[in-house]
Amino acid sequence: MTTLDKRLHACRVDLADETLRGHCDAASFVRGTPMQCAVPVAGVRRAASDDAMQLTQMLWGESVNVFERKNGWAWVQLQRDGYVGYVEDAALTTMTASASHRLVVRSSHLYPAPDLKTQPVIAVAMGSELPALATSGDFIKLASEHFVYAAHLNHPQPNDFVSVAEQFLHTPYLWGGKTVWGLDCSGLVQVALHAVGAKCLRDSDMQEQSLGHVVGPDDLRRGDLIFWKGHVGIMQDATTLIHANGHHMMVVSEPLRTAVDRIAARGSAITSLKRL
């Protein structure tokens with residue numbers, strides 16, 4: 001059998017997704033149960049433990065397939081990008097209504113009434129999926145009975161995903177993160193591309209393999225992606241890079257040459273230059 005990338009295929013020795021029957025070996029197979037994220041953001045972890053590495057994050061309203069619920073944890077696959085991991089069971093709820101809108105600003109508040117003077121109930125991040133029921137003035141009522149400012153939801157999508165990434169300048173670095181409260185290099189790329197309606201896998205190696213076509217170093221322009229082993233950045237113009245990185249521990253804009261030289265000093269060189 002072909003070796004499956006277990007980041008994108010729910011396959012363990014003891015249990016696997018029913019759709020993978022015949023493609024992987026497992027003691028038993030189950031069909032995933034659709035559920036939704038019921039918290040603003042939840043860590044998707046490598047193992048069912050609070051101290052396990054965070055691989056990515058699940059956002060408010062995001063749909064998942066659940067293959068196992070055990071000891072307070074659920075083994076899931078995110079429907080948006082196919083990522084597989086473990087989330088706290090308390091972060092999930094049964095499917096209510098399909099999302100009709102998606103948050104397109106960095107973050108917004110959900111209110112108990114269509115009035116900005118009321119006290120917000122919770123804050124949600126860009127990419128959160130929200131099922132709308134009705135319009136109430138400048139607000140939209142959601143299936144959760146909360147209200148969100150209508151202009152923060154689906155509007156004509158920008159063509160320039162780089163402008164979305166630039167909104168996250170100075171956001172703290174967080175391994176596996178993809179919100180205004182913290183994100184990593186590939187999280188920044190994914191959030192920005194998702195915001196303009198483009199598909200994008202989660203990790204930098206996946207992005208390098210699946211996105212765009214190769215360009216030369218003398219032909220760089222805004223929107224090109226620069227890959228190193230385990231790292232990715234976005235060109236703002238022919239010479240300037242925006243990226244979330246562990247050196248600054250935040251999202252920064254800097255000359256590409258500065259980043260190349262610093263990373264080279266640590267023994268890593270550019271592996272590819274890609275254009276979408």
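**Notes on strand 21 and its surroundings**

1. Let's start in the middle of things: I226 has G233 of strand 21 as its bridge partner. Keep in mind as you look around that this is a predicted model. That pairing belongs to a set of four bridges joining strand 20 to strand 21, and the two strands run antiparallel. They make a hairpin, with two residues between the strands. Have a look at G230 in that turn, which has a positive phi of about 80°.

2. Now go to the other hairpin, formed by strand 21 and strand 22, with four residues between them. The pairing here is again antiparallel, over two bridges. If you want one pair to find on screen, try M235, whose bridge partner in strand 22 is L241.

3. Is strand 21 enclosed or open to the outside? Five of its five residues are buried, so the strand is largely enclosed by the rest of the structure. A handy bit of background: in a regular strand the side chains alternate between the two faces of the sheet. In strand 21, H231, G233 and M235 point one way, while V232 and I234 point the other way. Whichever way they point, all of them are buried.

4. Next, the greasy part. The largest nonpolar core has 26 residues. Which ones have the most contacts inside it? They are F161, V164, F168, L188, V189, L225 and I234. The elements giving two or more residues to this core are helix 1 (161-166), helix 2 (185-195), strand 20 (225-228), strand 21 (231-235) and strand 22 (240-245). Helix 2 gives the most, with seven residues. Apart from this core lies another one, of 16 residues, including M35, L55, L78 and Y83.

5. Time to look for empty space. Rolling a probe the size of a water molecule over the atoms shows where empty space is left. In this model, the largest pocket holds about 460 Å³ of space. It is lined by 27 residues, and the closest to its centre are Y173, W175, C185, G230 and H231. You have met two of these already: G230 sits in the turn of the hairpin of strands 20 and 21, and H231 is one of the buried residues of strand 21.

6. What else goes into that lining? Helix 2, helix 3 (204-210), strand 22 and helix 4 (256-264) each supply at least two residues. As for chemistry, the lining divides into eight nonpolar, 10 polar and nine charged residues.

7. Elsewhere there is an open sheet of three strands in the order 14-15-16, with antiparallel pairing. Its edge strands are strand 14 (132-136) and strand 16 (147-149), each pairing on one side only. Neighbouring strands in this sheet are turned by 30° against each other on average, direction ignored. Strand 15 (residues 139-142) and strand 16 pair over three bridges, and the bridge partner of I140 in strand 16 is V148.

8. Finally, two backbone oddities. Most residues other than glycine have a negative phi. E145 is not a glycine, yet it has a positive phi of about 75°; you will find E145 in the loop between strand 15 and strand 16. H170 also has a positive phi of about 75° without being a glycine, and H170 lies in the loop between helix 1 and strand 17 (178-179). Are these two buried or exposed? E145 is partly exposed, with a relative accessible area of 46%, whereas H170 is exposed, at 58%.

Definitions and conventions
Residues are numbered from 1 along each chain as its sequence is written. This is a predicted model: local features need pLDDT of at least 70, side-chain atom pairs count only at pLDDT 80 or more; totals for chains, interfaces and linings use all residues. Side-chain values use heavy atoms; hydrogens and water are left out. A nonpolar core is a set of buried Ala, Val, Leu, Ile, Met, Phe, Trp, Tyr and Cys residues joined through side-chain atoms within 4.5 Å. Buried means under 20% relative accessible area, exposed over 50%, partly exposed in between (1.4 Å probe, protein chains only). Two strands pair if DSSP finds at least two bridges between them. On a 1 Å grid over the protein atoms alone, a cavity is a set of points where a 1.4 Å probe fits but cannot get out, and a pocket is an open set with protein on both sides within 12 Å along at least five of seven lines; lining residues have an atom within 4 Å of a point. Grid points are joined across faces, edges and corners, and a volume is the space filled by probe spheres set on the points. Ala, Val, Leu, Ile, Met, Phe, Trp, Tyr, Cys and Pro count as nonpolar, Asp, Glu, Lys and Arg as charged, and the others, Gly among them, as polar. Axes are lines fitted to C-alpha atoms, for helices over the stretch in contact, and angles run from 0 to 180 degrees between N-to-C directions.
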